[in-house]
Amino acid sequence: MDGQTDEGYTESMLNIILDEIDDIIIIHDSEHTVVWMNRAATERFGTSVEDMIGRRCYSLFGRSKKCDSCTVTSATRDDKSKNIRIVPNTGECYECTTIPLYRGDEIKLVVQHLKRTCD
């Protein structure tokens with residue numbers, strides 16, 4: 001790489017890399033509104049990124065409100081919260097790690113990493 005730091009270039013490269021990961025990656029804002037998800041997420045949930053952008057993350061799990069065990073508001077800078085999620089489309093069980101990204105004292109974005117670990 002030539003060290004180019006153009007945001008568009010960096011974002012494009014990051015999207016390519018994250019799309020090659022078999023784990024589910026969902027990025028949403030602090031209000032649970034999806035802004036991006038990787039290929040594994042679209043395949044497992046049976047949807048497209050375009051269909052999900054602007055919708056709430058919990059709708060992926062067939063819910064009309066945030067999940068009872070949602071850790072977004074309780075996650076801290078130093079502690080990544082974890083819980084279990086079932087993907088309705090496949091019935092597969094995943095460990096979900098919530099990673100908040102802050103701007104100042106407020107959560108700007110949340111990365112949710114779902115790794116299949118349950119049977």
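What is the volume of the largest cavity? In this predicted model, the largest cavity has a volume of about 70 Å³. I shall return to its lining after describing the sheet, the core and the largest pocket.

Let me start with the sheet. Five strands form an open sheet in the order 2-1-5-4-3, and their pairing is antiparallel. Strand 2, residues 34–37, and strand 3, residues 81–86, stand at the edges; each has a single partner strand, so one side of each is left without a neighbour in the sheet. From one strand to the next, the twist averages 25°. At one of these edges, strand 2 pairs with strand 1, residues 24–29, in the antiparallel sense, and three bridges join the two. Among the residues concerned, His28 has Val34 in strand 2 as its bridge partner.

I turn now to the nonpolar core. The largest one has 16 residues, and those with the most contacts inside it are Ile24, Ile26, Met37, Phe45, Leu60 and Leu114. Two or more residues of this core come from each of strand 1, strand 2, helix 2 (39–45), helix 3 (49–52) and strand 4. Which element gives the most to this core? That is helix 2, with three residues.

Next comes the open space. The largest pocket holds about 350 Å³. Its lining has 13 residues, of which Glu11, Leu14, Asn15, Ile27 and Leu109 are the closest to the pocket centre. Helix 1, which spans residues 7–19, supplies at least two lining residues, as do strand 4 (93–103) and strand 5 (106–116). The largest share, six residues, is that of helix 1. By character, the lining of the largest pocket comprises seven nonpolar, two polar and four charged residues.

Finally, I come back to the enclosed space. A probe the size of a water molecule, rolled over the atoms, shows where empty space is left. How many cavities of 30 Å³ or more does the structure hold? There is one. The residues that line the largest cavity are His32, Cys57, Tyr58, Phe61, Lys66, Cys67, Cys70, Val72, Arg85 and Gln112. They divide into six nonpolar, two polar and two charged residues.

To close, I would set the two spaces side by side: a largest pocket of about 350 Å³, with six lining residues from helix 1, and a largest cavity of about 70 Å³, with Cys57, Cys67 and Cys70 among its lining residues. Thank you for your attention.

Notes
Residues are numbered from 1 along each chain as its sequence is written. This is a predicted model: local features need pLDDT of at least 70, side-chain atom pairs count only at pLDDT 80 or more; totals for chains, interfaces and linings use all residues. Side-chain values use heavy atoms; hydrogens and water are left out. Two strands pair if DSSP finds at least two bridges between them. Helices (H or I, at least four residues) and strands (E, at least two) are DSSP runs, numbered from the N terminus. Axes are lines fitted to C-alpha atoms, for helices over the stretch in contact, and angles run from 0 to 180 degrees between N-to-C directions. On a 1 Å grid over the protein atoms alone, a cavity is a set of points where a 1.4 Å probe fits but cannot get out, and a pocket is an open set with protein on both sides within 12 Å along at least five of seven lines; lining residues have an atom within 4 Å of a point. Grid points are joined across faces, edges and corners, and a volume is the space filled by probe spheres set on the points. Ala, Val, Leu, Ile, Met, Phe, Trp, Tyr, Cys and Pro count as nonpolar, Asp, Glu, Lys and Arg as charged, and the others, Gly among them, as polar. A nonpolar core is a set of buried Ala, Val, Leu, Ile, Met, Phe, Trp, Tyr and Cys residues joined through side-chain atoms within 4.5 Å. Buried means under 20% relative accessible area, exposed over 50%, partly exposed in between (1.4 Å probe, protein chains only).
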